[in-house]
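Visitor: I am new to reading protein models. Could you walk me through this one and tell me why things get the labels they do?

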Amino acid sequence: MPRALPPDPRARLARMAAEARACAACGDLPLGPKPVFRVSATARVLVVGQAPGVRVHNTGIPWNDPSGERLRAWLDLDRDRFYDESRVAIIPIGLCYPGTAPNGGDYPPRRACAPLWHPRLRGALPGIVLTLLIGSYAQAHYLGARCGATMTETVRAFRDYLPDFLPIPHPSWRTIGWQKNNPWFDRDVLPELRRRVHALID
Ligand code: SF4
């Protein structure tokens with residue numbers, strides 16, 4: 001009997017991605033299901049954010065908004081390099097736009113989404129060395145009980161989660177004030193973030 005060949009990682013990832021893109025588990029999304037993510041078998045850095053905003057939903061391009069501009073500045077990456085999916089995979093904790101709340105902010109990522117898709121998609125990415133956990137939802141999902149009492153505490157303790165994970169805040173406009181009040185982020189976290197990301201993708 002010939003030995004069974006191990007499954008081709010690219011074929012496995014393509015199958016998982018196709019299944020995720022066809023997901024319609026949430027029947028009540030305001031603009032309907034439209035998972036937005038990027039994966040490749042060679043990506044070495046995984047960016048796990050929150051959920052697509054309406055602009056990302058409309059364009060189908062993750063982080064295609066002012067938060068993405070701030071994230072790329074933090075990473076010191078231009079758009080070409082950030083969107084090179086052979087190096088950088090991008091999977092939000094909720095794959096579809098969850099809608100906008102009456103206060104103007106987006107609703108949280110759908111709770112069912114991360115348990116359904118992250119183990120499968122993450123498990124099909126063979127090359128990931130570093131996962132950036134952006135915001136409290138991503139940190140709660142991947143770090144669980146290892147999270148600090150607040151997002152700020154989790155980010156401040158970033159060294160405790162290396163080399164696999166690096167938690168940072170969600171780079172929305174609200175972070176501008178947070179960054180001013182927490183100067184250690186620019187001093188300690190950003191240089192380490194850039195150093196580790198560039199070492200993996202340059
Ligand atoms: S948010 Fe997630 S679980 Fe819900 S439809 Fe989109 S991909 Fe499926």
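Guide: We will go through the ligand, the pockets and one strand, and please keep in mind that this is a predicted model.

Visitor: Which residues surround the ligand?

Guide: Cys23, Ala25, Cys26, Leu29, Pro35, Leu95, Cys96, Cys113, Leu116 and Trp117 do. A residue is counted here because one of its heavy atoms lies within 4 Å of the ligand.

Visitor: What makes a residue of that shell nonpolar, polar or charged?

Guide: Its residue type decides. Ala, Leu, Trp, Cys and Pro are among the types that count as nonpolar. The shell therefore has ten nonpolar, no polar and no charged residues.

Visitor: Why is the space taken by the ligand called a cavity?

Guide: The word is used because a 1.4 Å probe fits at its points but cannot get out, with the protein atoms alone considered. The space taken by the ligand is the largest cavity.

Visitor: What volume does the largest pocket have, and which residues lie nearest its centre?

Guide: Its volume is about 910 Å³. The lining has 34 residues, and Gln50, Ser67, Asp106, His170 and Ser172 lie nearest the centre. By class, the lining has 18 nonpolar, eleven polar and five charged residues. Helices α2 (54-59), α3 (66-75), α6 (136-143) and α8 (174-181) each supply at least two of the lining residues.

Visitor: What makes two residues in the lining of the second largest pocket charged?

Guide: Let's check the list. This pocket, with about 160 Å³ of space, is lined by Ile93, Pro108, Pro109, Arg110, Arg111, Ala114, Pro115, Tyr137, Ala140 and His141. Arg counts as charged, so Arg110 and Arg111 belong to that class. His is not on the nonpolar or charged lists, so His141 counts as polar. The other residues of this lining make up the seven nonpolar ones. The largest share of the lining, three residues, comes from α6.

Visitor: How do you know that strand β3 is mostly covered?

Guide: Buried means under 20% relative accessible area, and five of the five residues in β3 (residues 130-134) are buried, so the strand is called mostly covered. Leu130, Leu132 and Ile134 point one way, whereas Thr131 and Leu133 point the other way. In a regular strand the side chains alternate between the two faces of the sheet.

Visitor: Why are β1 and β3 said to pair?

Guide: Pairing needs at least two bridges, and β1 (residues 45-48) and β3 have four, so they pair, in the parallel sense. Val47 stands opposite Leu132 in β3. Four bridges also join β3 to β4 (residues 165-168), again running parallel, and Thr131 stands opposite Phe165 in β4.

How values were computed
Residues numbered from 1 in each chain as written. Predicted model: local features only at pLDDT ≥ 70, side-chain atom pairs only at ≥ 80, totals over all residues. Heavy atoms only, no water. 1 Å grid on protein atoms, 1.4 Å probe; cavity = no way out; pocket = protein on both sides within 12 Å on 5 of 7 lines; lining within 4 Å. Sits in = over half its atoms within 2 Å of the grid points. Points joined across faces, edges and corners; volume = space filled by probe spheres on them. Buried < 20%, exposed > 50% of the residue type's maximum accessible area, 1.4 Å probe, protein only.
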